[in-house]
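The following paragraphs lead through the interior of a single model. Please keep the sequence and the structure in view while reading.

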Amino acid sequence: MPRSNISKANPSPTSIPPVLTGVAGEYFVAAELSRRGYIASISLRNTRGIDILATNQAATRSITIQCKTNQSGARSWMLSEKSEDFFAPDHYYVFVALGPATERPRFHIVPSETVAKFITDSHQRWLRAPGKGGRQHIDSAMRNFKDPNDTYLDRWDLLGL
C-alpha cells in the first residue's frame, strides 16, 4: 500500500502536488466570488493567462482573473516573465495563500497593470543588485510578486463588480 502524507494525528496533507495547489486556488477563488454574489466560471486549462471569468448578477460587468497559489501561506508568489506584458483594465490577479488546511486561505486581489509594473521593476532592481560574492545575477524568466504589508488582502472591491 502506498504511503500517504496524511497522518492520523494530522488529517490534512502536509503538502500537495503543485498542479493540485493551483487547482485548489482556482476553486477557492471561484467559491469566494460566488459567496460574495458574483458569477464565476473556471476556464478550460488551455486558456492562456485566464483562470476565471467573473461577472456581476446583472451581467453588466465582466472581468478575467489569473490565480496564483502557494501552499505555505507566504505573501509571495512566483510568476513568469510573460506576466510583465499580459495586462488589461479588466484583468486581475488573485494571489491565494493556502496555509494550513484547517484555516481559510488568504486572498490578495491585484489589478494586472499593478502586477506587471511591480514584477518588471522588482526584477530590474534584482538584476542590478550584486548577487553572492558580488557577482552579477543571471537573468531568469521567473518573477516574484510580494504583498508583505497586506495592501491587497481581501480587496475584492478592486474588481469593480
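**Interior packing and aromatic rings**

E26 has a relative accessible area of 7%, which is under 20%, so the residue counts as buried in this predicted model. E26 belongs to helix α1, which spans residues 18-35. Setting aside residues up to four places away in sequence, E26 touches I42, R45, D51, I52 and C67.

The discussion now turns to the nonpolar cores. The largest nonpolar core comprises 17 residues, and V29, L33, I65, V94, W156 and L159 are those with the most contacts inside it. Two or more residues of this core come from each of α1, β2 (52-55), β3 (62-70), β5 (91-97) and β6 (106-111). A second core, separate from this one, has nine residues, among them F95, V110, V115 and I119.

W156 merits a closer look within the largest core. When neighbours within four places in sequence are left aside, W156 is in contact with V29, E32, L33, R36, V94, F107 and I109.

The aromatic rings come next. How many aromatic pairs does a search of the whole structure find? The search finds five. In one pair, the ring centres of Y93 and F95 are 5.5 Å apart and the planes lie at 5°, so this pair is stacked. Both partners are buried: Y93 has a relative accessibility of 2%, and F95 has a relative accessible area of 0%. Y93 and F95 also belong to one aromatic cluster, together with W77, F118 and F145. F95 thus appears in this cluster and in the second nonpolar core.

Key. Residues numbered from 1 in each chain as written. Predicted model: local features only at pLDDT ≥ 70, side-chain atom pairs only at ≥ 80, totals over all residues. Heavy atoms only, no water. Helix = DSSP H or I, 4+ residues; strand = E, 2+ residues; numbered from the N terminus. Buried < 20%, exposed > 50% of the residue type's maximum accessible area, 1.4 Å probe, protein only. Contact = heavy atoms within 4.5 Å. Core = buried A, V, L, I, M, F, W, Y, C linked by side-chain atoms within 4.5 Å. Phe/Tyr/Trp six-rings, centres within 6.5 Å; stacked < 30°, edge-to-face > 60°.
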